[in-house]
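Please walk through the structure below, taking one arginine as the point of departure and moving outward from there.

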Amino acid sequence: MEMRKPELLAPAGDYDCAKAAILAGADAVYMGLKKFNARERASNLGLEELKEIVSIAHSHGTKIYVTMNTLLTDIELYEAVQCASDILSAGADALIVQDAGLAYVLHHYLPELELHASTQMTTHNSLQVDFLKELGIKNINFARELSADELETIIAYTKEKGIKTEIFVHGAYCISCSGICYMSSFISSQAGNRGKCLQPCRRRYSLTPYGEKSYFFSLKDNNALPNLERIKEIGADALKIEGRIKNYGYVYTTVSAYRHALDHEKQEADDDVSQVFNRGFTTGYFDSCISPGMFVESPLDQSMVQAGTVLSYTADRQELAVESAGVSIEDGSRISIYTPENSFICSAIIKQVLGQSRYRIEIENLLHGKILKGQIVALLPQPQRMQQLAKQLAELKAMPAVFDAEVFDEAGKPLRAVFQYQSRRAEVQSSAPLERAQNRGLSEEGIRAQFQKTGDALLSLGKLICHGLEEPLFLPVKELNQMRRSALEALFAPAPAPQVPHLSYQTHMEKSLAVLVSTEDDAQLFSRRCDNVFVEWFPDCKIRLGKNIYPWLPAFVEDSAVPDYLELLDTKPSLLVSDNVGLGLEASRRGIQWIAGPMLNSSNSYTLKAYQERAHACGAFLSPELNRDQLALISAPAGFKLFLQVFGPITMMTTRQCLLASAGRCRSGRNRFSASCRLCSGYETFYDEKEIPFHIVKSPGYINRVFNDALLYIPEAVNQVAADCFLLDFRALPFIHMSQEDKLTIFDCFNGDRALSEKAKAAAGSITRGNWQRGF
């Protein structure tokens, strides 16, 4: 049986990129507006541009998906609903979301809008799919870290649930699992979950202070062209190309390559994708070959040719002087500028050669720093092809929406007209009755002349059918114009956004402390002091669970590892915390109460409601990225407990890569990740360019995690945040050196003994308030 051809989904960071994707043969294009999307560095589109792109796309049989794939605060959620309503009115075919609260609200209050789950939802096992179905999700973009066999398993399950499937095939890899990366947020308050990531993973790090720096976090790009036949076999409904901060040349080239490869048996387009931006290519995740070979040696664009270095740049004249490396730069050439340390500054087009190695340039998208002397100027290939493509894009115009009208006249009565566009229908009538004409009466030509004066190039009158008009009847022209305005407003005006009620606040009368531990001694010590002791649980964990000692489950648990956790659920613990919504939902099915962990990103009240009603959680940790004002806005549903971490290590990244192996520090000497790595342990410290340490920890049952050096320390939150329980994280991680006496001092301080404040700070060592003041 012939396999169905998957949908080819292309990126667009601006208007021209969207047109390039359509020209190249994309089946669908995804893009963001100016707010609420995970690529704030892209130019993005305005609402009017979106309407035009929808018109162009639909006339070519291409769908348009709009991204609203960031986390939202309570205040923003209501604005986001209005934005989603406008997107629906603009004719977009689907909305891509990350925030569970937004998905919950839109499914309930705007059910006609098709919802797709972003890769930011970190979907990597079949149990998570059940939760997304409950949210009304119709299409899921799976986590980028999955192998072909893992994808085949989860795709088959998802299709059984009636949900479409989508996989990532080309473009940049994040080192961290998408949606649970907090590194940029805690370093600079520029959160990846808000579309503002500063990409600290692309920077250089060393194994010792002031040591030789290397790219221990920076991965090569994905390129699935060699694996297309296997991809067709696993049955994904859509193939997604990444690149919303790339230019239209990149979009056109990559989409064309995949279009050709999908439409022809032979893949002849590999060379084409190497001619546009890339960091080198890997198929490591798909091939289940997670290894140091997936990392870059240099983050520079591998398609570039170094043309020289910057001598000077005059911003007001956009004039660039270059010390040439002997490479010709011509009108229409495209360049990129990098610092000597390989940090990207900008891409630009040469608009005019001024002579003496001076050029007038036009910067594309956003500047990521000042253009300074000594920076690298790299020449990008195919200037002539870009010029030709630019002409094609300019010729691609939006097609007007064509509406029809039918007119009925009768002397002494108002003129009646029915306007129709697709399935929409509007009936209007004149405010004045038709009178017998003294001279020339109404005619079909006269009515058409007024009805087609839309004042909008994207609206056009098609068929006009007139009934009557046998006898001369008169109606003022202003009446015809008012009828047209009223009808078109009814047909095309954005529908009012649904009114989403604000959730009422719940009073939290009693507050308590909980702890998270990783040793038997600590579990027993604190079980005598607080009601909730959570244990970082993994298969083969030896810590005894008891009446108030409960398991804490990890964020990333692939399908093959799920049975180990189901065995735990079979023992019927009365309560657990899970950073994986799928495991939490399964726990609830077995009668086990569960709390949504901090990596489930509860940043607004409706996300709490979603976890309560759709995943049957009894409580949730509030997002660690929120500040005190954002936390104050959140309201818990009745009977739902709120938790907040106020002390302990901050998880910056969670990655399926073995960072120890990438740095040559794997104790087993393996050169690739394998199933036996699941229960191994290890530790290393990386130092960034400011010599700030970040701790790499591999714990049994967990994939690699990156921790901040300073510990979170916000005792005032206990009194200022309306939560039920505050977590102190006392795990025995290898970079934390605290005695049980130290831990008890900190516990007592947070429990109200402020006399211990200075002693508790000293016991904690290096501390930070995290995002408590700045938020995300």
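Leaving out neighbours within four places in sequence, Arg614 is in contact with Tyr104, Phe131, Glu134, Leu135, Leu585 and Lys609. The model is a predicted one, and Arg614 is found in its helix H17. Two polar partners of the Arg614 side chain can be named. A polar atom of that side chain lies 3.3 Å from the backbone oxygen of Glu134. The side chain also meets that of Glu613 in a salt bridge, with an N to O distance of 3.7 Å. Glu613 has a relative accessible area of 29% and is therefore partly exposed, since the range for that label starts at 20%.

One of the contacts of Arg614, Leu585, leads to helix H16, where Leu585 is among the buried residues. H16 covers residues 581-589, and eight of these nine residues are buried, so the helix is mostly covered, buried meaning under 20% relative accessible area. The buried ones are Val581, Gly582, Leu583, Gly584, Leu585, Glu586, Ala587 and Ser588. What lies over them? The cover includes helices H5 (126-134), H15 (562-570) and H17 (605-614), together with strands S25 (549-553), S26 (575-578) and S27 (593-596).

The two ends of H16 can be described separately. At the start, a side-chain oxygen of Asn580 comes to within 3.0 Å of the backbone nitrogen of Gly582. After the helix comes Gly591, with a positive phi near 80°.

Charged residues also take part here. Glu586, one of the buried residues of H16, belongs to a network of salt bridges that links it with Asp130, Lys161, Asp570, Arg589 and Arg590. In total, the structure holds 40 salt bridges.

Two other salt bridges connect parts of the chain that are distant in sequence. In the pair Glu319 and Arg358, the closest N and O atoms are 3.1 Å apart. Glu319 sits in strand S12 (residues 319-324) and Arg358 in strand S15 (residues 358-364), which puts the partners 39 residues apart. How accessible are the two residues? Glu319 has 12% relative accessibility and so counts as buried, while Arg358 has 26% and so counts as partly exposed.

The second pair is Glu471 and Arg436, for which the closest N and O atoms are 1.9 Å apart. Glu471 lies in the loop between strand S21 (459-467) and strand S22 (473-474), and Arg436 in strand S20 (residues 435-436), a separation of 35 residues. Glu471 is partly exposed because its relative accessible area is 35%, whereas Arg436, at 58%, counts as exposed.

The last stop is a pair of helices. The axes of H1 (residues 15-24) and H2 (residues 47-59) come within 10 Å and cross at roughly 10°. Angles under 35 degrees count as roughly parallel, and H1 and H2 are therefore roughly parallel to each other. On the H1 side, the contact is made by Tyr15, Ala18, Lys19 and Ile22; on the H2 side, by Glu49, Glu52, Ile53, Ile56 and Ala57. Six of the residues in this contact are nonpolar and three are charged, with no polar ones.

Note on methods
Residues are numbered from 1 along each chain as its sequence is written. This is a predicted model: local features need pLDDT of at least 70, side-chain atom pairs count only at pLDDT 80 or more; totals for chains, interfaces and linings use all residues. Side-chain values use heavy atoms; hydrogens and water are left out. Buried means under 20% relative accessible area, exposed over 50%, partly exposed in between (1.4 Å probe, protein chains only). Helices (H or I, at least four residues) and strands (E, at least two) are DSSP runs, numbered from the N terminus. Contact means heavy atoms within 4.5 Å. A polar contact is a pair of N or O atoms within 3.5 Å; within protein, one must be able to donate a hydrogen and the other to accept it, and residues adjacent in sequence count only if both atoms are side-chain atoms. Axes are lines fitted to C-alpha atoms, for helices over the stretch in contact, and angles run from 0 to 180 degrees between N-to-C directions. Angles under 35 degrees count as roughly parallel, over 145 as roughly antiparallel, 65 to 115 as roughly perpendicular and the rest as oblique. Ala, Val, Leu, Ile, Met, Phe, Trp, Tyr, Cys and Pro count as nonpolar, Asp, Glu, Lys and Arg as charged, and the others, Gly among them, as polar. A salt bridge is a side-chain nitrogen of Lys or Arg within 4 Å of a carboxyl oxygen of Asp or Glu.
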